[in-house]
Amino acid sequence: KTMARLLPPSEFEDSSWRILNARPVFGCLGLINIQKECFVAIVTDCVSVGRIRAGEEIYRIQSVSFYSLASSKYDDLDFSSRENWETEEFDQPNASPTTLQHPCLQLQKLFSIGSFYFTPDFDLTKTVQARTSAASMGVHAFDDHFLWNRFLVSGLLDFRAKLDRKKQMDLDRGGFLVFAIRGYVGTEHVYADDEKLELSVISKLSCKRAGTRFNSRGIDDNGHVANFVEAILYSDQACYSFTQVRGSVPVFWEQQGMQLVNHKIQIARGPSATQPAVNRHFKELVDRYEAVSNVNLLSERENTGESLLGNAYNTAVQQLHMPENVVHMVNFDLHAECKGGNYENMSFLMQTIRKDLDSYGYFLMDPDDNQIVCTQKGVFRTNCMDCLDRTNLVQNEISRLSLTNFLTNRGLNQRRYFDGIMTRHAHLWAENGDGLSKIYAGTGALKSAFTRTGKVTFMNVLSDATRSVNRFYINNFQDKARQEVIDQLLLLGLFFLLFFLLGSSEEPDIYAVAFQEIVELSPQQVMVTDADKRKVWEQEIERTLNSRKGGEAKYVHLRSNQLVGAALMIYVKSSIVENIRNVETAIKKTGIMGIAGNKGAVGIRMEYGDTSFCFIAAHFASGHSNYEDRNNDFHTINQGLTFLRGRSISSHDNIMWMSDLNYRVALSNEEVSTCVYGGNLDALLRADQLQNEMRLQRVFSGYEEGPITFMPTYKYDNGTNVYDTSEKQRVPGWTDRIIFKGDHLKQIQYARAELYTSDHRP
């Protein structure tokens, strides 16, 4: 636990503290728990990359330091040297066992290589068009696709939410909290007579499916794609912006990296299994941008991996059954059409998309009175294989055409202005291509020399060949470690789980892990359980339990079972397996008159020596006022879930329910919200349905529950710390509980994980 307070200068007494570091502080990225210690991440160096609009300046992070809040053993470590970080491998350096390594060293390297940006002046995660249309949403209504330190800063945002309005404004004015994007930001200045134009390109890499070249490909089940980038071109004087996106081909596909030239492509799922994810991907794009023109640059040469991938992409888009003016495909084999460096043939592609370009337009706002002149009504989504070299080339050309339209309408298309503006524009896009390519592939972009100059020379070709060889080395021998560091930053939802699993200083004999909604509760799943995802988790948890640094015990997977979305997994030390007997599992369905498995329970029992244990993962009836149905679910499961030889749940020495019991707080939404934001837990607990039913001995007679010291765990808007804002406006409650019974059981911790990938906090 970390306690935070906001103090005015007059109340801060510095005599009891010492300065750890003489470097300046530019803000805080958040908190992270590693190796049982909490570290605060501080930006200690940054540089301005330029002004986007009046009063809107962006900074590139140069250095980040991590300070332990619990001990001083890392205070004097000097890990601020950055000379070789941009090319240094992301693995632990060889060191003797006595050498003290800072636990956050790899994260610090990641943050300090120059690809992260922030601003204290505005919300950098959104486009200027989105910011103007969502101005009333509040200062911290971020687009979580692009907020890379979301999990680090979430605890401090929770703290901020509990402050009164004045203190919130004090905290915001101080610029203490830093909200970082990753990608590229560049600015260029151009003068046209007395008018100064400031051109900027902002590319924001999505953190939803982030990773390195051969470790992150295609789409995931949530509809997120690899190397997804939102690129925005700004012009300051008239507040012009034009937005494009790029992203991996949105089907399930893989590619091995250990070939120098041809990388074999494998389609990982069939069309029917792929389509739900594709639907989610394009629904989100249409919700964001209104219309999408997919510019596909893959090779169309028959019997090649690229043509196989392109065909799968075209099929998936056809199966969307969306109107042609909302989502459609434009296929252009850039390698074939521009063979031999004839990139002027891109003009054929530009002619094809000209109608879309004119239809989509651009965003324009009068900077004097902030009146919106016009908005952009669609977006180009460009891809090649890696969404790097060919993609950047084409996006530069599309951006150039849009900027030309704007300049023509402004009367600035005279030759003496136009050439200078376009030269700066080309330079920005070449730098953008190099910056994004270094993040994803480890080298600068190929073909960037043509983007800069519009010419192909022998030295350009030689440079591209050298970069290709460097990519081969980096992708095959360094990317795995780089990917692990990215995962550590972004998959902190999993790390919160692992923090609970490995957080004890001792090594427990038994681990019991319960899941809810391990699969999506679709009609098909309700009747037939799909065990594939459970098997993935079984392997990952076992691997994690055996990765504890300094751990002596080896853990083995003892038993698992699953009832649709509820799953239960038991792991034990290998040294005690011979003392465990009679391991059994059983399920009990309570959904739709006991036929469907969307509600019910899965149980695992065993005997360890002479002591019997029973673990239950259950899912009770939903609905705010349906506490009697939940009571009935308890009794049905307690009496009806039986093991061999008629063993019941209640016959065991030790019983633990780790379940979504679905009990709610018996207050109105407004009353609960007042208590939540006022921190009044006592009032909420007095109205908690489960505690009241247990007090009346209607359910869980003889069971205990540890003290609840955390806020209600349900229901949140996905990816946020905001309770349900949907039409249903569900009343917050503690649906997720651990209830136990046993003469010798003592609970030593009861807390919730700040896991933003779910609408629950487990």
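In this predicted model, Glu 517 sits in the loop between strand S16 (510–515) and helix H15 (523–527). Its backbone stands out a little: phi of Glu 517 is near 55 degrees, a positive value in a residue other than glycine. Glu 517 counts as partly exposed, because its relative accessibility is 43%. Arg 645 has a phi near 55 degrees too, again positive and again in a residue that is not glycine. This arginine belongs to the loop between helix H17 (627–640) and strand S22 (654–660). With a relative accessible area of 64%, Arg 645 is exposed, since the cut-off for that class is over 50%.

Another backbone feature turns up at Tyr 714 and Lys 715, which are joined by a cis peptide bond with omega at about 0 degrees. Lys 715 is located in the loop between H20 and S23. The side chain of Lys 715 is busy as well, forming a salt bridge with Asp 759 in which the closest N and O atoms are 3.4 Å apart. This pair ties together distant parts of the chain: Lys 715 comes from the loop between helix H20 (689–695) and strand S23 (736–741), Asp 759 comes from the segment after S23, and 44 residues separate them. Both ends of the bridge are covered, with Lys 715 buried at 15% relative accessibility and Asp 759 buried at 16%. Elsewhere, salt bridges with shared partners join Glu 584, Arg 605, Glu 607, Arg 645 and Arg 647 into one network. So the exposed Arg 645, with its positive phi, is also a member of that network.

Salt bridges number 28 in the structure. As a rule, side chains of opposite charge can pair when their charged atoms come close. Arg 288 gives a neat case, with two acidic partners to look at. One of them is Asp 143, whose side chain meets that of Arg 288 in a salt bridge of 2.7 Å, N to O. Here too the link spans distant parts of the chain, from Arg 288 in helix H5 (residues 271–289) to Asp 143 in the loop between helix H2 (128–133) and H3, 145 residues apart. Asp 143 counts as buried at 11% relative accessibility, whereas Arg 288 is partly exposed at 30%. The other partner is Glu 284, which meets Arg 288 in a salt bridge of 3.5 Å, N to O. Arg 288 and Glu 284 lie four residues apart in helix H5, so about one helical turn separates them. In general, an α-helix has 3.6 residues a turn, so residues three or four places apart point the same way. At 24% relative accessibility, Glu 284 counts as partly exposed.

Glu 284 also comes up in the interior cavities. Three cavities of 30 Å³ or more were found, and the largest of them encloses about 100 Å³ of space. Eleven residues line this largest cavity, with His 145, Gly 223, His 224, His 281 and Glu 284 lying nearest its centre. By residue class, the lining consists of three nonpolar, five polar and three charged residues. Glu 284 thus takes part both in this lining and in the salt bridge with Arg 288.

Helix H3 (residues 150–161) is mostly covered, with ten of its twelve residues buried. The buried set is a mixed bag: it takes in Phe 151, Leu 152, Val 153, Leu 156, Leu 157 and Phe 159, along with Arg 150, Ser 154, Asp 158 and Arg 160.

Two contacts between sequence-distant residues round out the covered parts. Lys 573 lies in strand S18 (residues 566–573) and is buried, with a relative accessible area of 15%. The C-alpha atoms of Lys 573 and Glu 507 are separated by 8.8 Å, although these positions lie 66 residues apart along the chain. Leu 681, found in helix H19 (residues 681–686), is likewise buried, at 17% relative accessible area. Leu 681 and Met 711 are 30 residues apart in sequence and 7.2 Å apart in space, C-alpha to C-alpha.

On the surface, Leu 7, Phe 12 and Trp 17 make a nonpolar patch of about 350 Å². Trp 17 belongs to the segment before strand S1 (28–34), and its relative accessible area of 60% makes Trp 17 exposed.

How values were computed
Residues numbered from 1 in each chain as written. Predicted model: local features only at pLDDT ≥ 70, side-chain atom pairs only at ≥ 80, totals over all residues. Heavy atoms only, no water. 1 Å grid on protein atoms, 1.4 Å probe; cavity = no way out; pocket = protein on both sides within 12 Å on 5 of 7 lines; lining within 4 Å. Points joined across faces, edges and corners; volume = space filled by probe spheres on them. Nonpolar A, V, L, I, M, F, W, Y, C, P; charged D, E, K, R; others polar. Patch = residues over 30% accessible without salt bridge, like charges linked within 9 Å, V, L, I, M, F, W, Y side chains within 5 Å. Areas by Shrake-Rupley, 256 points an atom, 1.4 Å probe, with all protein chains shown as cover. Salt bridge = Lys/Arg side-chain N within 4 Å of Asp/Glu carboxyl O. Buried < 20%, exposed > 50% of the residue type's maximum accessible area, 1.4 Å probe, protein only.
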